Amino acid sequence: SIKGKVNAPLILMGYLNQMLKYGEEKFCQQVVDCGIDTVILPDLPMVEFENHYQALFDKFGINNVFLITPLTDEERIRKIDQYTKSFIYMVASSSITGARGEISEAQIAYFERIQAMNLKSKRIIGFGISDHNTFSTACTYGNGAIIGSAFIKFLEQSGVSNIRKFIHHIRTGD
């Protein structure tokens with residue numbers, strides 16, 4: 001129902017098993033019909049993408065987003081960069097998602113290491129981005145930030161009608 005009502009790209013995040021259960025072709029067609037052109041399937045193995053899903057996604061015009069972490073080696077990051085048509089999801093830490101407070105020096109070192117690789121793809125940083133400070137830091141080292149858990153928590157507490165307030169606070173700190 002949101003198709004055609006927003007100018008922002010719509011991205012679907014889920015799991016490969018959900019797509020398999022639904023049916024690969026049916027899933028891809030439904031994604032396109034909903035106005036989504038990018039999917040994040042964190043558990044999609046690179047070899048499966050290369051051998052099967054790249055052709056399927058290309059057939060439907062769907063972009064796949066790969067994730068990298070502080071533990072991802074340079075060779076894999078460069079391979080991901082070659083396949084990326086939208087952005088690389090830089091997981092800010094090797095842990096579960098959710099608010100953590102400040103960004104650590106180790107995370108900054110990771111961001112700087114990836115920044116120095118001069119990748120062709122945009123890098124959006126997520127996991128633990130929850131307020132103006134973490135958002136601003138992530139945007140300093142990447143091309144944007146993903147706020148998930150903090151946004152869901154805000155919606156639970158304040159409702160949909162106050163989304164603009166949340167965005168303003170994240171952007172400005174006010």
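**A colleague's note: salt bridges and buried side chains**

1. R78 and E74 are a friendly place to start: their side chains form a salt bridge, with 3.1 Å from N to O. Both residues belong to helix α4 and sit 4 residues apart, which means that about one helical turn separates them. R78 is partly exposed, as its relative accessibility is 35%. E74 is also classed as partly exposed, with a relative accessible area of 43%. Please keep in mind as you read that this is a predicted model.

2. Before going further, here is the overall picture. The chain contains 8 helices and 7 strands. Its C-alpha trace spans about 45 × 40 × 25 Å along the principal axes. Does the radius of gyration suit a compact globule, or does it not? For 174 residues such a globule would have a value near 16 Å, and the chain has 17 Å, so the two agree.

3. A few totals help to fill in that picture. Of the 174 residues, 37% count as buried. The chain exposes about 10100 Å², and carbon and sulfur atoms supply 52% of that area. If you take the contacts between residues at least 6 apart in sequence, 61% of them join residues at least 24 apart.

4. How many salt bridges are there in the model? The count comes to 4. One of them pairs the side chains of K79 and E50, at 2.9 Å from N to O. This pair links distant parts of the chain: K79 belongs to helix α4 and E50 to helix α3 (residues 46-60), and their positions lie 29 residues apart in sequence. K79 is partly exposed, its relative accessible area being 34%. E50 is partly exposed as well, with a relative accessible area of 25%.

5. K85 and D58 also deserve a look, since their side chains meet in a salt bridge at 2.6 Å, N to O. K85 comes from the loop between α4 and β5 (87-91) and D58 from helix α3, so the bridge ties together parts 27 residues apart in sequence. Is K85 buried or exposed? It counts as exposed, because its relative accessibility is 53%. D58, with a relative accessible area of 40%, is partly exposed.

6. Now turn to R123, a charged residue in strand β6 (residues 122-126). What is the nearest side chain of opposite charge to R123? It is D81, 7.9 Å away. A salt bridge here requires a nitrogen and a carboxyl oxygen within 4 Å, and R123 has none although it is buried. The R123 side chain does have a polar atom that lies 2.9 Å from the backbone oxygen of Y141. Y141 also appears among the contacts of R123, along with I88, M90, I114, Q115, G142, N143 and G144, once neighbours within four places in sequence are left aside.

7. Y110 is another residue to find in the viewer; look for it in helix α5 (residues 105-116). Is Y110 buried or exposed? With a relative accessible area of 3%, Y110 is buried. Its side chain reaches the backbone oxygen of V91 at 3.2 Å. Not counting residues up to four places away in sequence, Y110 touches V91 as well as I68, T69, P70, M90 and A92. For a sense of scale, Y110 and E50 are 60 residues apart in sequence, and their C-alpha atoms are 27 Å apart in space.

8. Last comes T72, in the loop between β4 (67-68) and α4 (74-83). T72 is a loop residue, and its relative accessible area of 10% makes it buried. Which backbone atom lies 2.8 Å from a polar atom of the T72 side chain? It is the backbone nitrogen of T69. Beyond four places in sequence, T72 touches I77 and R113.

9. A suggested order for your own tour follows. Begin at helix α4, where R78 and E74 meet in their salt bridge, then follow K79 across to E50 in helix α3. From there, go to buried Y110 and its approach to the backbone oxygen of V91. Finish at R123, which is buried without a salt bridge and has a side-chain polar atom 2.9 Å from the backbone oxygen of Y141.

Methods
Residues numbered from 1 in each chain as written. Predicted model: local features only at pLDDT ≥ 70, side-chain atom pairs only at ≥ 80, totals over all residues. Heavy atoms only, no water. Helix = DSSP H or I, 4+ residues; strand = E, 2+ residues; numbered from the N terminus. Buried < 20%, exposed > 50% of the residue type's maximum accessible area, 1.4 Å probe, protein only. Lys, Arg positive; Asp, Glu negative; His and termini not counted. Polar contact = N/O pair within 3.5 Å; in protein donor to acceptor, adjacent residues only side chain to side chain. Contact = heavy atoms within 4.5 Å. Rg over C-alpha atoms; globule rule 2.2 N^0.38 Å. Areas by Shrake-Rupley, 256 points an atom, 1.4 Å probe, with all protein chains shown as cover.
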